[in-house]
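Dear colleague,

I am handing over the structure we spoke about, and below it you will find my notes on what turned up in it. Please read them with the coordinates open beside you.

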Amino acid sequence: LVGRALSGSLVIPAFDEFRDQLDTIFDACRDEASGSVASYIPQLARVDPEKFAMAVCTIDGQRHSVGDDHDSFCVQSTCKPVNYAIAHGLSSADSIHSHVGREPSGRSFNELTLNPAGLPHNPMINAGAIMASSLIKPEESLADRFDFVMSKWRELGGGAEPGFDNTVFLSEKATADRNFALAYFMRENGAFPPNTNLMETLDFYFQCCSIRIDVRHMAIIAATLANGGVCPTTSQRVLDAESVRNCLSLMYSCGMYDYSGEFAFTVGIPAKSGVSGALMLVVPGVCGFAIWSPRLDRCGNSVRGVRFAQELSKKYSFHSY
Ligand code: DON
């Protein structure tokens with residue numbers, strides 16, 4: 001970072017100015033008063049709806065954060081791109097996509113539906129994320145698999161320690177009839193690899209949703225994705241470039257549930273939301289953002305998060321086209 005700064009080749013040279021402008025956008029989004037916190041998981045329903053935080057990390061490691069940036073939250077569905085990229089890195093696009101599609105479903109994140117081939121539509125909705133989770137080291141014990149995923153969150157976040165929310169995990173598991181139904185529906189259609197342990201797969205998926213981090217950590221992860229899989233703060237290659245490219249393609253087309261098309265149209269960058277109100281934005285080759293604000297719109301996306309992304313895209317030429 002110092003080398004780049006001295007040679008004048010920073011990706012965002014006037015970072016101080018950028019930071020101030022981001023704070024202005026952040027403050028403007030605070031007024032957004034609509035939406036309500038997720039209620040289908042009791043422990044999520046208890047989160048303070050007014051929490052609001054934002055962080056950014058550039059691909060050369062310049063960072064900034066604002067608001068409740070030291071508060072951690074459950075990653076929820078923002079674990080989906082991470083699990084997909086991990087599973088991808090362990091095999092290949094062809095092998096993963098013989099179990100999960102890559103088309104938007106146009107349906108809600110937990111819709112009980114499969115594509116015409118009897119597979120989940122894509123890895124960014126629940127069914128596809130359960131499938132991607134089943135493909136991460138299925139031959140190993142659940143403990144080793146979860147350790148492995150946690151080590152990836154650590155490396156993607158430049159060494160920051162992820163936490164685990166056991167209360168959310170238990171609460172989620174106790175209220176997961178739909179996810180159980182999705183898993184049985186996929187098994188009935190022969191979508192899983194042979195010998196998949198359904199109960200272990202679901203536990204593993206719920207555990208991944210219950211990982212806790214803060215926006216500063218999540219912004220570094222988004223920046224690692226923006227940087228082709230190399231963490232900007234440690235220079236460690238955590239994911240291979242092809243896994244990241246395919247992950248970003250799916251985040252672009254499917255990352256915002258049934259708002260994905262509208263988001264791609266108006267904001268134009270890869271993103272992934274979660275019902276905790278987390279939102280990860282990736283500006284490839286430039287930077288990654290994380291926003292956390294628990295009030296959600298009817299699709300399950302953070303109201304302030306979406307607004308922030310839209311304002312960001314109006315202000316800067318981050319849109320892909
Ligand atoms: O599978 C579920 O129901 C959740 N634990 C994760 C879903 C999620 O975050 C959907 N988000 N908008």
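To begin with one side-chain pair, the side chain of Asp203 makes a polar contact with the side chain of Lys173, at 2.9 Å. Please bear in mind that this is a predicted model, and that the distance, like the other values here, is computed from that model. Asp203 has its place in helix α10, and it counts as buried because its relative accessibility is 17%, which falls under the 20% cut-off. Apart from its neighbours within four places in sequence, Asp203 is in contact with Leu142 and Phe169 as well as with Lys173.

That contact leads to helix α8, which covers residues 166–174. Within α8, the residues Val168, Phe169, Ser171 and Glu172 are buried, and what covers the buried residues of this helix includes α3 (42–45), β3 (73–74), β4 (163–164) and α10 (198–209). At the N-terminal end of α8, Asp165 acts as a cap, with a side-chain oxygen lying 3.2 Å from the backbone nitrogen of Thr167. When you look at the buried positions, it may help to recall that an α-helix has 3.6 residues a turn, so residues three or four places apart point the same way.

Turning to the chain as a whole, the protein has 14 helices and 8 strands. Its radius of gyration is 18 Å, which agrees with the value near 20 Å that a compact globule of 321 residues would have, and along the principal axes the C-alpha trace spans about 55 × 40 × 35 Å. Of the 321 residues, 57% count as buried. Among contacts between residues at least 6 apart in sequence, 69% join residues at least 24 apart. The chain exposes about 12500 Å², and carbon and sulfur atoms supply 49% of that area. As for charge, the mean positions of the 27 positive and 35 negative charges are 1 Å apart.

Two residues have backbone angles that deserve a look. Most residues other than glycine have a negative phi. Ser235, however, has a phi near 65°, a positive value in a residue other than glycine, and Tyr257 likewise has a positive phi, of about 55°, although it is not a glycine. Ser235 lies in the loop between α11 (215–226) and α12, while Tyr257 is found in the loop between α12 and α13 (260–266). Is each of them buried or exposed? Ser235 is exposed, because its relative accessible area is 59%, whereas Tyr257, at 5% relative accessibility, counts as buried.

Helix α12, which covers residues 241–254, contains Asn246. With a relative accessible area of 15%, Asn246 is buried, and if residues up to four places away in sequence are not counted, it touches Tyr84, His88 and Ala93.

A few further positions show how sequence separation and distance in space relate in this model. Leu135 is found in the loop between α6 (126–134) and α7 (142–156), and it is buried, with a relative accessible area of 17%. Leaving aside neighbours within four places in sequence, Leu135 is in contact with Ala87, Leu90, Ile96, His99 and Pro193, and its C-alpha atom is separated by 9.1 Å from that of Asn83, a residue 52 places away along the chain.

Val2, whose place is in helix α1 (residues 2–6), is exposed, with a relative accessible area of 60%. Val2 and Gly61 are 59 residues apart in sequence, and their C-alpha atoms are 10.0 Å apart in space.

Cys29 lies in helix α2, which covers residues 15–29, and at 0% relative accessibility it counts as buried. Beyond the residues up to four places away in sequence, Cys29 touches Phe52, Arg304, Arg307, Phe308 and Glu311. Cys29 and Lys137, by contrast, are 108 residues apart in sequence and 41 Å apart in space, taken from C-alpha to C-alpha.

With best regards

Terms used
Residues numbered from 1 in each chain as written. Predicted model: local features only at pLDDT ≥ 70, side-chain atom pairs only at ≥ 80, totals over all residues. Heavy atoms only, no water. Helix = DSSP H or I, 4+ residues; strand = E, 2+ residues; numbered from the N terminus. Rg over C-alpha atoms; globule rule 2.2 N^0.38 Å. Buried < 20%, exposed > 50% of the residue type's maximum accessible area, 1.4 Å probe, protein only. Contact = heavy atoms within 4.5 Å. Areas by Shrake-Rupley, 256 points an atom, 1.4 Å probe, with all protein chains shown as cover. Lys, Arg positive; Asp, Glu negative; His and termini not counted. Charge placed at Lys NZ, Arg CZ, Asp CG, Glu CD. Polar contact = N/O pair within 3.5 Å; in protein donor to acceptor, adjacent residues only side chain to side chain.
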